[in-house]
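Q: Hi! I have a protein open on my screen and could use some company while I look around. Can I throw some quick questions at you?

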Amino acid sequence: MVEMRRRSLVVLGSAIGLGVVGAGVVAVFGGRGPAEADGRSRAGADTRMARVLGAKQPERFVGIVVLDRRLRGRGVGGSVEALVEESRAVGGGDTVVRFGLGASLFEGAEVQSPRQLKVMPSFAGDLLDPAQSHGDLLVRVAGEDAGQVRKAVARVKAVANQAGWTVRWGIDGFRAENRVEGGRGLARNPFHFTEGFGNPETEQEVADRAVVREGQGEPDWAVGGSYHVVRVIRFATELWDKDSVPEQERIMGRRRDGKWLDGTPTAEQPNFAADPKGRRTPLDSHVRLAAPDRRNPPPLVRRSYSYDRGYGDTGIVFSCFQRDLAKGFEAVQKRLAGEALAKYVLTTGGGYFFVPPPGDAWVDALALA
Ligand code: HEM
């Protein structure tokens, strides 16, 4: 058992640590316990976690698979370890495998769940299909090659099946025109707008918004992790494309290329206070509601992917990370109720998950449950 645990931890260390599944990565990031405990600085741990969250540039393709445990009564640790053990062969090259823990994984477990982790509620206008939402464990396969990602996803499904899990739902995503500008990862969404400008530039800023700290009242094993919100948002692209570009830009509150409607250059902050009636940037525009106070940006980091399931079912797999769910995603989502964009979008699925910190302390914590 100890041997098996050791092997599992090695696999996990490599899978969630930095990316490439291989012995070199394991040697650097497979250590036991939280990073701080074994002498490494918090800045180092922050950087590692920021990269797990795709800080520099999110991979071009993603395959999300959400699993449920077949035997509800079993210990959490056993199921997770077995899955991880079997996942060893998955990944390789630049394809990485990362995990997110759902609230239901902790049902009946002795280990303390992350304080704010819960089943994602239905927000105004949502039409959440339970068959496309929530779940025990999210597996996120990401990479630069669509074929490799697809293969790894198929492998994850097969090993999960053998390790006692069933596939609850899944979705594939891609980032069109994926690139980095001024330190920010940008991509174009199916509404033809470039996303990513409102994200932080540096890995440290990403960590400051996204990484759970000590003193937040979270269980020890969760310090260094991050809350991950996934929302499958379908776009009414045909309806949207009937609007003129200036009309679309007033709905978003920015030009397609990121310039501000009041003429402020892309990389600077607009002066919303000088436009109280919303003549330049409408009050119900997306950015104005999402981030009204330009000096205090919402504490979340967005990493969305586009999806296209054919037959007009296109949209985004909205994805964001934060250290505090209520102050991050939930505060913004509530402000967005009634935005001009609402009539073009429908959230049909997704969930709340918790990305465990790099290292293997969390597996030990679950296994002890
Ligand atoms: C419904 C589909 C959505 C679309 C098409 C969309 C698109 C965009 C675009 C084009 C921008 C401006 C560029 C940028 O800063 O990235 C933006 C900004 C932003 N969006 Fe969204 N978004 C969507 C959903 C959401 C959701 C669900 C949230 C969170 C609840 C959100 C939060 C934000 C935030 C915080 C900003 C940055 C505002 C700023 O700092 O100026 N978005 N979004």
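Q: Where does Thr 348 lie?
A: Thr 348 lies in strand S12, residues 345–355. Helices (H or I, at least four residues) and strands (E, at least two) are DSSP runs, numbered from the N terminus.

Q: Before we go on, what kind of model is this?
A: This is a predicted model, where local features need pLDDT of at least 70, side-chain atom pairs count only at pLDDT 80 or more, and totals for chains, interfaces and linings use all residues. Residues are numbered from 1 along each chain as its sequence is written, and side-chain values use heavy atoms, with hydrogens and water left out.

Q: Back to Thr 348, then: buried or exposed?
A: Thr 348 counts as buried because its relative accessibility is 16%. Buried means under 20% relative accessible area, exposed over 50%, and partly exposed in between (1.4 Å probe, protein chains only).

Q: And which residues is Thr 348 in contact with?
A: Leaving aside neighbours within four places in sequence, the contacts of Thr 348 include Leu 127, Asp 129, Val 232 and Arg 309. Contact means heavy atoms within 4.5 Å.

Q: New topic: the ligand. Which protein donor does its iron atom have?
A: The iron atom has a single donor from the protein, NE2 of His 286, 2.0 Å away. Donors are N, O and S atoms within 2.8 Å of the metal (3.2 Å for Na, K and Ca); water is not among the atoms, so sites may look incomplete.

Q: Where is His 286 found?
A: His 286 is found in helix H9, residues 286–290.

Q: Which residues come nearest to the ligand?
A: Of the 27 residues around the ligand, Gly 196, Gly 198, His 286, Arg 294 and Arg 302 come nearest. Being near a molecule or strand takes one heavy atom of the residue within 4 Å of it.

Q: How do Gly 196 and Arg 294 sit relative to the ligand's oxygen atoms?
A: For Gly 196, a backbone N or O atom lies 2.6 Å from an oxygen atom of the ligand. For Arg 294, an N or O atom of the side chain is 2.9 Å from a ligand oxygen atom.

Q: How do the residues of that shell divide?
A: There are 17 nonpolar, 6 polar and 4 charged residues. Here Ala, Val, Leu, Ile, Met, Phe, Trp, Tyr, Cys and Pro count as nonpolar, Asp, Glu, Lys and Arg as charged, and the others, Gly among them, as polar.

Q: Okay, switching again. Where is Glu 330, and is it buried or exposed?
A: The place of Glu 330 is in helix H10, and Glu 330 counts as buried because its relative accessibility is 7%.

Q: Which side chains does Glu 330 join through polar contacts?
A: One polar contact, of 3.2 Å, joins the side chains of Glu 330 and Lys 118. Another, of 2.7 Å, joins the side chains of Glu 330 and Tyr 352. A polar contact is a pair of N or O atoms within 3.5 Å; within protein, one must be able to donate a hydrogen and the other to accept it, and residues adjacent in sequence count only if both atoms are side-chain atoms.

Q: Last one: what about phi of Tyr 311?
A: Tyr 311 has a positive phi of about 50 degrees although it is not a glycine. Tyr 311 is found in the loop between strand S10 (305–308) and S11, and it is exposed, with a relative accessible area of 87%.
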